[in-house]
Amino acid sequence: MKEVIVTELYDLSKTIARDLLKEVTYPWEALKDIHDFIKKIGPTLPKDKYEALEGDVWIAKNATVYPSVHITGPAIIGEEAEVRHCAFIRGNAIVGNHAVVGNSTELKNVILFDNVQVPHYNYVGDSILGYKAHMGAGSITSNVKSDKKLVVVKDGKEKIATGLKKFGAMIGDQVEVGCGSILNPGTVIGKNTNIYPLSSVRGVVLKDSIYKKQGEIAHKE
């Protein structure tokens, strides 16, 4: 499944996590290492640009973080990022430069590339969102299967066992996820794809697609 490898989904020049992701073939292989990666690179961030807070939290000095935000480390909030009212960052989170984490949005064990927007009531867990990816209001990643079995990435008859119980979605660069959509465990969405609002998505959606519903996916011209 070539379409789900890191280099097919992401421009690694658009994230501070490039050195983590370039060491793996499939992006979900990096999920278990986000915690240690943040703790490793956090102390190396330029002190004239980042403020170090208690609990392994590093926040860019020109980022906007509302007083009502709760951040549990380790976490990095990038330059000119905006973390809005009542956002809840539960740890192991990298928020890229110019990214937006919105009102009452919850993050846990995630990498948000630069310019990602999760601006309205989103839950993003055990997931990686590529450059300029956007999740519409109320759209979420579901990161644990209802039967609690390990997640398998599926593309038709092809399958990749991940060995992970918690796996949300791998969302490629410039993906647009419509409002109210659910990305089920093991979802992988290729670059420049649009997901219709109120969709329930599972498996692999190829790049340059328009996902209308399961079994009805158009290719962008």
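Leaving aside its neighbours within four places in sequence, which residues is serine 209 in contact with? In this predicted model, the contacts of serine 209 outside that window are Asn192, Thr193, Asn194, Ile217, Ala218, His219 and Lys220. Serine 209 itself belongs to strand 24, which covers residues 209-213. With a relative accessible area of 5%, serine 209 is buried, because the limit for that class is under 20%.

One of the contacts of serine 209 is Asn192, a residue whose backbone deserves separate mention. Asparagine 192 is not a glycine, and yet its phi is positive, at about 60°. The residue is placed in the loop that runs between strand 20 (187-189) and strand 21 (194-195), and its relative accessibility of 32% puts asparagine 192 in the partly exposed class. A positive phi is also found at leucine 198, another residue that is not a glycine, where the angle is about 65°. Leucine 198 sits in the loop between strand 21 and strand 22 (200-201), and at 72% relative accessibility this leucine counts as exposed.

The pairing of strands can be followed from strand 1 (residues 50-53), which is joined to strand 2 in the antiparallel sense over four bridges. Within this pair, leucine 53 has valine 57 of strand 2 as its bridge partner. The hairpin formed by strand 1 and strand 2 has three residues between the strands, and in it glycine 55 adopts a positive phi near 90°. Strand 2 spans residues 57-60, with the side chains of Val57 and Ile59 pointing one way and those of Trp58 and Ala60 the other way; all of them are buried. Strand 2 is further joined to strand 5 by three bridges, and here the two strands run parallel. In this second pairing, isoleucine 59 has isoleucine 77 of strand 5 as its bridge partner. Strand 2 is thus described by an antiparallel pairing with strand 1 and a parallel pairing with strand 5.

The loop that precedes strand 5 contains a further backbone feature. Proline 74 is located in the loop between strand 4 (70-71) and strand 5 (75-77), and the peptide bond that joins glycine 73 to proline 74 is cis, with omega at about 0°.

A second hairpin is built from strand 15 (residues 152-155) and strand 16 (residues 158-161), which run antiparallel and are joined by four bridges. In this arrangement lysine 154 stands opposite lysine 159 of strand 16. Two residues lie between the strands of this hairpin, and glycine 156 takes a positive phi near 65° there.

Turning to charged side chains, the search of the whole structure returns seven salt bridges, of which several are described here. Aspartate 33 and lysine 32 form one of them, with the closest N and O atoms 3.0 Å apart. The two partners fall into separate accessibility classes, since aspartate 33 is partly exposed at 26% relative accessibility, whereas lysine 32 is exposed at 62%. Another salt bridge brings together the side chains of arginine 84 and glutamate 82, with an N to O distance of 3.2 Å. For this pair, the relative accessible area is 25% for arginine 84, which is partly exposed, and 24% for glutamate 82, which is likewise partly exposed. The side chains of lysine 213 and glutamate 216 also meet in a salt bridge, where the N to O distance is 3.9 Å. This distance still qualifies because the cut-off for a salt bridge is within 4 Å. Glutamate 216 counts as partly exposed, at 35% relative accessibility.

A further acidic residue, aspartate 36, is found in helix 3, which comprises residues 34-41. At 52% relative accessibility, aspartate 36 is classed as exposed, because that class begins over 50%. Between aspartate 36 and glycine 136 there is a separation of 100 residues in sequence, and their C-alpha atoms are 30 Å apart in space.

Methods. Residues are numbered from 1 along each chain as its sequence is written. This is a predicted model: local features need pLDDT of at least 70, side-chain atom pairs count only at pLDDT 80 or more; totals for chains, interfaces and linings use all residues. Side-chain values use heavy atoms; hydrogens and water are left out. Buried means under 20% relative accessible area, exposed over 50%, partly exposed in between (1.4 Å probe, protein chains only). Contact means heavy atoms within 4.5 Å. Two strands pair if DSSP finds at least two bridges between them.
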